Amino acid sequence: MTDTLFTAWHRKTLLRAGGAVLAAALLVSAPGAGAQGAKSRAAPRTADYIVAIVNQELVTASELEQRIARIRQEAARANAKLPSDAELRQQVLDSMIDERVQITHARENGRVDENELDRAVANVAVQNQITLTQLRQRLAQDGMDYGRFRNNVRDQMLVERVREREVQQLIRITDAEVDALLDKQRAQAGSAVEYNIAQILVTVPEGASDAVVAERRARVDAALARIKAGQAFEAVAREMSEDGNRAQGGVIGLRPADRLPDQFVAPVRNLKPGEVAPAVLRTGAGFHLLKLVERREGGAFSAPQTHARHILLRISAQLSQEAAIRRLVEFKRELAAGTKTFEQLARENSEDGSAAQGGDLGWAFPGQFVPEFEETMNSLSIGGVSDPVVSRFGVHLIQVIERRQVTLDPKQQREQARNVLREQKFEQAYGEWLRYLRARAYIELRDPPA
C-alpha cells in the first residue's frame with residue numbers, strides 16, 4: 001500500500017486541507033496521544049537525532065517516529081493494511097521532506113496576515129468546542145508551546161495558498177478539452193436528458209394519394225408560415241393540430257429522451273427553449289411541426305444550490321472574538337429551546353445587509369462563500385444550525401433552509417467542465433511542482449548515530 005496510504009490520509013489532511021483543519025485534526029488526535037507525548041518528553045534528549053536537513057529545516061528521529069505512530073493509529077481505526085516497517089518509514093520520511101520543501105518555499109513566496117491567523121486559530125478552538133484559553137491549556141498539556149502552534153498553523157496556511165496558486169498556474173485547459181468532456185458527459189447522461197416538446201400534427205391517412213399528401217403538406221406549410229409571421233405556436237396548434245394535445249397548445253409534457261421517438265429528439269436537440277424546428281418532420285403519422293418548450297439536462301449539467309441564512313457578529317474593540325462566540329452559542333441555545341426563531345435573532349442581532357431579511361442569504365452555488373463558511377454550511381443537514389464559525393467578516397451562526405439541483409446554462413456548463421478538468425489535472429501538476437521544488441532544495445539525509 002504505497003500511494004493509497006498517502007491518498008487516504010496524508011494528502012487529505014496536508015495536500016488539500018487548510019492549516020486550521022490540520023491543526024484541529026492534530027489537536028483531537030487519538031486517546032492516549034497526550035500520554036505518548038509525555039513519554040516522549042521524558043525520554044533522554046540524547047536519544048533524538050537528525051535524520052534529514054531540508055534547506056534550513058530539520059527532520060528529527062522523534063518527529064518521524066511520532067508521525068509513524070499516528071499513521072499506525074489511523075490505520076488501526078480504519079482497519080487498513082500498512083506496508084512493511086522499513087517501507088512505511090521511508091514513505092513517511094519522504095512525506096516529511098516534501099512538507100519541509102513546501103514550507104520553506106511558501107515562507108519565501110507567501111504571506112499570512114495576523115488577523116487571518118487569529119481567525120484560523122480561533123476556528124481550531126471552535127471546531128474542538130473549546131475556548132482559546134482552553135486551547136492554550138490543552139496545548140500545554142500536550143507539551144506544545146502556543147507560539148509554536150500558531151507558527152505551525154501559519155506555515156500550513158502559507159503552503160496551502162502558495163501551492164494552490166502555483167499549481168493552478170501549471171494547469172492548462174483548452175477549449176477542445178472542454179468540448180470533448182461535454183460531449184462525453186452528454187453521451188453518459190443520454191436518456192437522463194428530458195424534453196418538453198409541443199407539436200402541430202397534420203395527419204396523413206395510410207395509403208393516401210399524392211394529391212392528399214400534397215394537400216396535407218400545404219396545410220402544415222401554412223401553419224409554419226403563420227408561426228414565422230409571429231403568431232404563437234400554441235394558438236396555431238389549438239386551431240390546426242390533429243393530435244390529442246391540441247387543447248394544451250400541442251404541449252406533450254416533460255419526458256426522458258428515451259421515452260420519446262428518435263425522430264422527435266433529433267430535430268430539437270440543438271434548439272433553445274422556445275425555438276421551433278425549422279424543417280417539417282414527416283413520419284408514418286403525418287407531418288409535424290416541433291417546438292422545444294423546455295429541456296432539463298442530466299446530472300452532468302446540473303449543480304447543487306444551498307439556501308442558507310446566518311447571523312453575523314463583527315469583531316471590534318467593543319466585541320472580542322471570544323465574546324462574539326459566547327453570544328452565538330447562547331443564540332443557539334435559545335433556538336434549541338424554541339424561545340426565539342432564527343429570523344428573530346438575525347433581525348435583532350446580525351450585523352450585515354441580510355439582517356432585515358432574517359439573515360436570508362438566498363440561493364448560492366458552490367464557491368460563492370468564503371471556504372470556512374461554505375465548509376461548515378455544506379456539513380449541515382436541512383434545518384441544522386452550526387456552531388459559531390470564524391471568518392474574515394466576523395463570527396457566524398449558520399442555518400441551512402433547503403437544497404436543490406439546478407440546470408446549468410451553456411456558460412455554466414463550460415465552467416463546470418473546466419473545474420472538473422482542473423481537478424483531474426491537479427494531482428499531476430502538483431507532482432510536477434513538488435519535483436521542481438525538491439530539485440531546487442538542499443536535502444541531506446543522515447544515518448543514525450553509531
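This section describes the aromatic ring pairs and the ring-associated charges of a predicted model.

A search of the whole structure identified three aromatic pairs. In one of these, F369 and F373 adopt a tilted arrangement, with a centre-to-centre distance of 4.9 Å and an angle of 55° between the ring planes. The interplanar angle is decisive for this assignment, because pairs count as stacked under 30 degrees and as edge-to-face over 60. The two partners fall into separate accessibility classes: F369 is partly exposed, at 21% relative accessibility, whereas F373 is buried, with a relative accessible area of 3%. The class of F369 follows from the cut-off, since buried means under 20% relative accessible area.

A further pair is formed by F426 and Y430, the ring centres of which are 6.5 Å apart. With the planes at 5°, this pair is stacked. Both residues belong to helix 16, which spans residues 410–440. Their spacing of four residues corresponds to about one turn of that helix. Both rings belong to buried residues: the relative accessible area of F426 is 1%, and the relative accessibility of Y430 is 5%. The arrangement also involves W433, as ring pairs link F426, Y430 and W433 into a cluster.

Aromatic rings are also engaged by arginine side chains. The charged end of R136 is placed over the ring of Y146, at 3.7 Å from the ring centre. Likewise, R404 has its charged end over the ring of W363, at a distance of 3.8 Å from the centre of that ring.

Definitions and conventions: Residues numbered from 1 in each chain as written. Predicted model: local features only at pLDDT ≥ 70, side-chain atom pairs only at ≥ 80, totals over all residues. Heavy atoms only, no water. Phe/Tyr/Trp six-rings, centres within 6.5 Å; stacked < 30°, edge-to-face > 60°. Buried < 20%, exposed > 50% of the residue type's maximum accessible area, 1.4 Å probe, protein only. Helix = DSSP H or I, 4+ residues; strand = E, 2+ residues; numbered from the N terminus. Lys NZ or Arg CZ within 6 Å of the ring centre and 35° of its normal.
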